[in-house]
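Please open the model in your viewer and keep the sequence panel beside it, since this tour moves from one selection to the next.

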Amino acid sequence: MIPTRRSRRRALALLDQLRDERGRQVMLVSHCLLNQNTRYAGGATRPAAITEAVDELVGAGYGLHQLPCPEQRAWGGVLKRHSLGLHHSEGRPLFAVRGVLLGAFAAWTRLKYRRLARQVVRDVVDYRRSGIDVVGIVGIGASPSCGVTTTLDLHASLDVLAACPAAALTRDVMNEQAVLGCRRPGEGMFIQALDRRLARRRIRLDAFEHDLARELRGEPQTLLTSRPARTLGAPPG
Ligand code: SF4
């Protein structure tokens, strides 16, 4: 149900009357910052969460709203089973039609992500109608889904994984060659869907990017000291 202005006023009055300790500021964060278990196989660097990012954001006074892991939802669960079919496929008939398969896979992904983005934007609207500011979003660099300024060239990454024999696939090959070696500028498909949906609702959000390369290499990083990487929801310039 869409709240009317009257019901919104009533909700805000209640929040003021029962004023409590909430900071009324929320940051949307990519799922795997808080739960490394959804990372691609070989990509988790911590048992649970990226604690320094959590500490920084919570220390700045933001409640953390964990976004769904879009690949978990669209690509066959935690291990993203639908994305594994073309691994080690070079030389097999499947490899010859990989372009068509990848096109269909991307179209399916975009459809699913549009639905997910719609739900996320509904949550943003709900926060705002409830007097709580959604200050921004933290995405993950080099992700084909959650990248803000860097994403993954899926074709190139797939070619690395298709050419690599099963026995030779190591964590290093996955991270350095199939992921970091296939980065390109641009936004991931989920961030793109969110960007469009936010623009339709005329909502702008500052977007920050957690640097996956620094995380994988164990280098320190901070999210909030630099300017936001981008603004989502802004009309095309
Ligand atoms: S970057 Fe996005 S899609 Fe990839 S594991 Fe994290 S939340 Fe899931």
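At what angle do helix 7 and helix 8 pack, and how far apart are their axes? Before answering, keep in mind that you are looking at a predicted model. Select residues 154-163, which form helix 7, together with residues 171-179, which form helix 8, and you will find that the two pack at an angle of about 145°, with their axes 9 Å apart. The crossing of this pair is right-handed. To see where the two helices meet, show the side chains of S157, V160 and L161 in helix 7, and then those of Q177, A178 and V179 in helix 8, which they contact. Sorted by class, the residues of this contact are 4 nonpolar and 2 polar, with no charged ones.

Next, go to the ligand. There are 13 residues around the ligand, and those that come nearest are C32, C69, I140, S143 and C146. Two elements each give two or more residues to this shell, namely helix 2 (31-34) and helix 4 (70-74), and of the elements, helix 4 gives the most, with 3 residues. If you colour the shell by residue class, you should count 5 nonpolar, 6 polar and 2 charged residues.

Now select H88, in the loop between helix 4 and helix 5 (93-96). The phi angle of H88 is near 55°, which is a positive value in a residue other than glycine. Is H88 buried, partly exposed or exposed? H88 counts as partly exposed because it has 17 C-beta neighbours inside 10 Å, whereas 20 or more would be needed for a residue to be called buried.

Move on to A142, which sits in the loop between strand 3 (133-140) and strand 4 (150-152). A142 also has a positive phi, of about 75°, although it is not a glycine. Here the neighbour count is 26 C-beta atoms inside 10 Å, and therefore A142 counts as buried.

For the last stop, select L57, a residue of helix 3 (residues 51-59). L57 has 22 C-beta neighbours inside 10 Å, so it counts as buried. Which residues does L57 contact, once its neighbours within four places in sequence are left aside? They are M27, Y62, L64 and L223, and showing these four with L57 will let you inspect the contacts one by one. Finally, draw a distance line from the C-alpha atom of L57 to that of D20, which is 37 residues away along the chain, and the separation should read 20 Å.

Terms used: Residues are numbered from 1 along each chain as its sequence is written. This is a predicted model: local features need pLDDT of at least 70, side-chain atom pairs count only at pLDDT 80 or more; totals for chains, interfaces and linings use all residues. Axes are lines fitted to C-alpha atoms, for helices over the stretch in contact, and angles run from 0 to 180 degrees between N-to-C directions. Helices (H or I, at least four residues) and strands (E, at least two) are DSSP runs, numbered from the N terminus. A crossing is left-handed if the near helix is turned anticlockwise from the far one by less than a right angle, and right-handed if clockwise. Two residues are in contact if their C-beta atoms, placed from the backbone, lie within 7 Å. Ala, Val, Leu, Ile, Met, Phe, Trp, Tyr, Cys and Pro count as nonpolar, Asp, Glu, Lys and Arg as charged, and the others, Gly among them, as polar. A residue is near a molecule or strand if its C-beta atom, placed from the backbone, lies within 6 Å of it. A residue is buried if 20 or more other C-beta atoms lie within 10 Å of its own, exposed if 12 or fewer, and partly exposed in between; C-beta atoms are placed from the backbone.
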